[in-house]
Amino acid sequence: MSGFLKNIILFVFSVSFFIVNGQEIQTSAPIKLSTKAESFSILGKNENGIFVHYYGNSKDELELFNEQLRSVIKREVKLKDRNTKVEEIFLRNEGVVVFYSQVVENRQYLKAAYLNAQLQTTQNLVLDSLENTKVNSFEPYYIKQSPNLHFFTFFKIYKSSDEIQIKYQILDTLLNAVHSGDFNIQDKGLVLKSFKINNNGVIYAVIARESKSVVNDYIYDKIHTFLYNPKNGYVEDRNFEENESLFKNIVSQIDGYTDKAYSVFNYRNKKNTDDIGHIIIASNKGDEDYFRFPYTEEYMNNIQSIDVKNWKEKALLIRPQQIIPQSNGGCLILTEAQYKYTRVVRQANPYGYGYGYGYYNYYNDAYSRQYDQHHFFDVLGVSLNADGTINWSVDIPKAQITEDDEGLYSSFIVFQTNNLLKVLFNENVYSNGNLIEYNLNPNGQMKRRILVNTEKGGYTLIPRMAVQISKNEILIPAEQKHSLQLFLLKY
């Protein structure tokens, strides 16, 4: 985690409003964040305004902003119960709901507290409990929310050396139980990779099996998917494996309209080194399709921003990042080329010792500097029809290189508005300060423009932490000298 997210003091500078290229951009008013809060997340927007959650090891705070990004109220989340741990905080149509655990004697309870627009507790509910004999420790609960705020699900993972069981419950917006169930697999080396709920309360879980014969960082050899629809009680339990292939980088999504679920992941053939690419699994109402998209030499040669030895080295850097369902029953797969490596810079030894290995290991270690360098390259988009055939593909060029920040200011964010898909990213994190926008229409045609330049302001935008808060608004945080500024873009 970067130094910015640790011990951060938040100042959001004077309220401002300006228009760039027809784009309305608004910034927030000054606010201070407690040094106990190490990070933050934008919860989104509801009838009360925009909520931001600040959190750390010892403190959770909430702040409400109005539509002009002026602070309305900010308070620490204080629960009446003792010996508690905040699990997650989510928006409701009005106010927020805080999910938290409480340990009483040898029992752990999962509870929820409603907070109103004044961030005051209005109601507490007990949702679940389990035995907990650990001292000063909490068993993890996992909570997810549907994009439309109408459904929640919480689940527990029970794992042994040769079995995994996931027990879940689905709740409506009032936290009433809709359904409960479990997914169970008897096998070794199983890991839950994704668990999601869509706008209709449909659950989709993806579990991978770790392989005994790992090649590079391709570590899985089997993919399990579970799809549950509470409308008809239908459960799909399927698995995918290929004797000669290994997998990695699993991403999933559920269509909020058709309930069709998708998974995409990288594959590599263990024997045929030219066979590299990604596989898409599409599941819906008893039907499941598998589509293979190979990274050919011709496809890889279209990527000009990566300087590597050959096309296969380039292909190994591609990672699926996002799945966007399409109205024709297909989907758009967005991938990104990225890698990280550690560099060691040797500096001159003031005592004059040489750099032989013996001297270096013993004497010169204090005079070297080690850091991680993060590289994020092109965004590749492939639009697939319902039958897996390719509709169109695009290459959005970019080259982002940073040090010791875990890629915080790199990568991209996707924003959907007015029948367009907008891809936003920092063109160069350390130099020109341009926030780039690529507009993609349904036919795959794209247009590039510089949305805003931040160089004069001396701040760096963090697109990967941005949140689309309405059909035509996206909120992007930015850093300026170890402080934070919020940018509201209106289309």
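**Aromatic pairs, internal space and two unusual leucines**

By the ring-pair rule (rings of Phe, Tyr and Trp, the last through its six-membered ring, with centres within 6.5 Å), the count comes to 22 aromatic pairs. The structure is a predicted model, in which local features need pLDDT of at least 70 and side-chain atom pairs count only at pLDDT 80 or more, while totals for chains, interfaces and linings use all residues. Residues are numbered from 1 along each chain as its sequence is written, and side-chain values use heavy atoms, with hydrogens and water left out.

A good pair to start with is tyrosine 142 and phenylalanine 155, which are stacked, with 5.3 Å from centre to centre and 20° between the planes. Planes under 30 degrees apart count as stacked, those over 60 as edge-to-face and the rest as tilted. Tyrosine 142 belongs to strand β11 (residues 142-145) and phenylalanine 155 to strand β12 (residues 151-160), so the pair ties together parts that are 13 residues apart in sequence. Phenylalanine 155 is buried at 2% relative accessible area, whereas tyrosine 142 is partly exposed at 34%; here buried means under 20% relative accessible area, exposed over 50% and partly exposed in between, with a 1.4 Å probe and protein chains only. Both rings also belong to a cluster in which ring pairs link Tyr142, Phe155, Tyr168, Phe183, Phe195, Phe226 and Tyr228.

Two tyrosine rings have a charge over them (NZ of Lys or CZ of Arg within 6 Å of the ring centre and within 35 degrees of the ring normal). Arginine 92 places its charged end over the ring of tyrosine 114, 3.8 Å from the centre. For lysine 248 and the ring of tyrosine 218, the corresponding distance is 4.3 Å.

Turning to the whole protein, there are three helices and 35 strands, taken as DSSP runs numbered from the N terminus (helices H or I, at least four residues; strands E, at least two). Of the 491 residues, 51% are buried. Among contacts (heavy atoms within 4.5 Å) with a separation of 6 or more, 48% join residues 24 or more positions apart. The accessible surface, from the Shrake-Rupley method with a 1.4 Å probe, comes to about 23,200 Å², and 44% of this belongs to carbon and sulfur atoms.

Next comes the empty space. One cavity of 30 Å³ or more is found in the whole structure, a cavity being a set of points on a 1 Å grid over the protein atoms alone where a 1.4 Å probe fits but cannot get out. The largest cavity holds about 40 Å³, and its lining, made of residues with an atom within 4 Å of a point, includes Lys260, Tyr262, Phe291 and Cys331. A pocket, by contrast, is an open set with protein on both sides within 12 Å along at least five of seven lines. The second largest pocket has a volume of about 290 Å³. Among its 16 lining residues, Asp217, Arg319, Gln338, Tyr339 and Lys340 are the closest to the centre. Strands β24 (331-346) and β25 (368-384) each supply at least two residues of this lining.

Finally, the backbone deserves a look. Most residues other than glycine have a negative phi. Leucine 69, in the loop between β5 (60-65) and β6 (71-76), has a positive phi of about 65°, and this residue is buried at 0% relative accessible area. Leucine 149 also has a positive phi, near 70°. Leucine 149 lies in the loop between β11 and β12 and is buried, with a relative accessible area of 16%.

Definitions and conventions
Points joined across faces, edges and corners; volume = space filled by probe spheres on them.
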